[in-house]
Each structure stands twice: as structure tokens, then as C-alpha cells.
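User: I'm new to this structure and would love a close look at one part of it. Could you walk me through the salt bridges and where their partners sit?

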Amino acid sequence: MASELIPAAECAVPPAPTFSIPDLNRVPGNHGIWVGIFCVLVEFLLFFTVYFVAKAHHPEAFLKGPEQLATVAGTTITMLLLTSGYCVVKAVAAMRADRQATTLRWLLLGMFLGLGYPLVKFFEIRWNVAHGIDGEAGIFYTVYYYLTLNHLVHVFWGLLGLGWVATRTAVGGYSARDYAGLEAAAVYWHTTDVIWLIIFPFFYVWR
Amino acid sequence: MKLGHTEKIWLILIGLTLSSAFLAETGQRSWSLSLIVAAMIAFKGRLVIDHYMEMRNANRRIRRVLHAFVTVIPLMVVITHAFGPQIARLTAL
């Protein structure tokens, strides 16, 4: 019998992980997602360097530029992303409690709010173009389109990731003992939050 | 109704975002605006990293890299405000 050959300690089902006690070696999600996240951070560090250099060269364009943009669009996107991020935090917490149906509901709500970002962006760009703000309207707007559209691409990857883990959750692919994939999608999604929290003041607030 | 930890973090983030939107309407270049923008990026970034990503209870090295990211960018905000013309001279082709 297999159970006679395997020591009792190895047969025991490992306890569901809890995070009330810090584990300072724990890697949330998996190692692969962190390679991707660090690549994204390096990529945006380069983009932000371009922003700083452009701002240093054209201070007047960066003083006037934000006045022409719709602050309400930037603020709405920020609130959508932060609230979507909140839903994803709740989804991970629900999975830790082995509540798959609750996890799925939070994930779907998070995706729904996340999809609001491209929708607001669509109307923002339409409004911009109607007011003569296209990619050739000046250096500020060139950098604005370059950074915000690049961020939007990363948000699409994040939404695809959330869609994948929502599907896996729906078919019972995760449990309180194995949800690394869900957590990987969550940390990537929150990374897009961190990047946007820098982009928002750069184009809508700072002069 | 008692708010949970995640709800409190979300409320702080939303409150700071709405404050930023109010600041956006000032339309003035000033040291105070640059310092507020730098502080907002550093503080909001840390809130997301530590509480949304749960890094305060996870791998120290990864957390340090993420914190470095939301420290370097605010520093660059301050440096660009203080030394804009010098940066322009140094980076002129």
C-alpha cells in the first residue's frame, strides 16, 4: 500500500497559507511574473526619463499642456483602477478562505471596472482630437500619448490575465492551497496601478 | 459600520486622488505643487505596494525594488523642478 511506503508526515495535507505572520521570503504569485513586472518597471523608468528630459527642455509646453487635457478623464481612470485593484485584493482574500464563488464575483467586478479604463480613454481621445489635441499638437501631447497608450497596452495584458484567472476560478482551478496563478495576475494588475499613479499627476496635475 | 483594512486603504487612495484633481485646477508651477506631487507618488505607491500587493508581509528584496521605484521617481520630480535648465543643457544634442 502506498500509504505504508510514504511517511505519515509526507502524506499530511499542507495547511492553507495564512499571512498574518510575515514570511519575508515569500514571493507572491510566482517567480516568472516578477521577471515580467521588473521588465515593466525598467521600461517605464526609461519612459519617465524621456518625460523628465522633455519637461526640462520645454518647460512652457509642460506648464500649459495639462490645462488642455480633461482632468475628469484622468481622475476617473485613477478611481476605476484603484477600485478595480480593491476588488482584486478582495478576490485573493476570498480564495484564501476557499470561497471560489466569492472570488469569481470579485474578479468579474474588478474586470468590469478595469474595462472602464479603455472606455474612458476612448472618449478622452475623441474629446482631445475634437479640440485639436493629437500626437502632433506639441511635445507635451506627444509624450502624453506615448506614455498613456503604452500604459493602456499593459492594462490590456492585465485584463487578459484577470480573464484567464477568472475562467480558471470558474472551473475550480484554484483553491486555498494553490492559487499562485491568481496571485500572479493580481500583483501584475496592481503594478499597472502603481505606474498609473505616476502617469496621472505627470499629465494632469504637475506643471 | 466598521471599515476593514482594505476598505480604509481604498478610501485613502481615492481621497488623495480627488485632492490631486483639485490641485490640478490650480494651474500654477510652484515648489509646493512639485513637492506635493512627489509626496503623493511616494505615499500612494507605497500604499498599493504594501497593502494591495501585500508586500509588507512578503519578500524583502522584491519589496525594496518596488519601494525604490516609487522613491526614485519622486526624487526625479524634485530634481527636475530644481535643475530643469541644467538637465536641458546636459541632455542637449
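Analyst: Happy to help; here is a walk through several of the salt bridges, pair by pair. Please keep in mind that this is a predicted model.

Over all chains, the structure holds 6 salt bridges. A good place to begin is the pair formed by Lys90(A) and Glu7(B), whose closest N and O atoms are 3.0 Å apart. Lys90(A) belongs to helix 5 (residues 71–96) of chain A, while Glu7(B) belongs to helix 1 (residues 5–24) of chain B, so this salt bridge joins two chains. As for their surroundings, Lys90(A) is partly exposed at a relative accessible area of 24%, whereas Glu7(B) counts as buried at 17%, because the cut-off for buried is under 20%.

Now look at Arg96(A), which forms a salt bridge with Glu183(A), with 3.1 Å between the closest N and O atoms. Arg96(A) lies in helix 5 of chain A and Glu183(A) in helix 8 (residues 180–205) of chain A, so the pair ties together parts that are 87 residues apart in sequence. Arg96(A) counts as buried, with 18% relative accessibility, and Glu183(A) is buried too, at 6%.

Another pair sits within a single helix: Glu124(A) and Lys121(A) are both in helix 6 (residues 100–130) of chain A, 3 residues apart, or about one turn of the helix. Their side chains meet in a salt bridge at 2.8 Å, N to O, and both residues are buried.

Finally, Arg96(A) and Glu183(A) are part of one network that also takes in Arg26(A) and Glu54(B), joined by salt bridges that share partners.

Notes:
Residues numbered from 1 in each chain as written. Chains lettered and ligands numbered in written order. Predicted model: local features only at pLDDT ≥ 70, side-chain atom pairs only at ≥ 80, totals over all residues. Heavy atoms only, no water. Salt bridge = Lys/Arg side-chain N within 4 Å of Asp/Glu carboxyl O. Helix = DSSP H or I, 4+ residues; strand = E, 2+ residues; numbered from the N terminus. Buried < 20%, exposed > 50% of the residue type's maximum accessible area, 1.4 Å probe, protein only.
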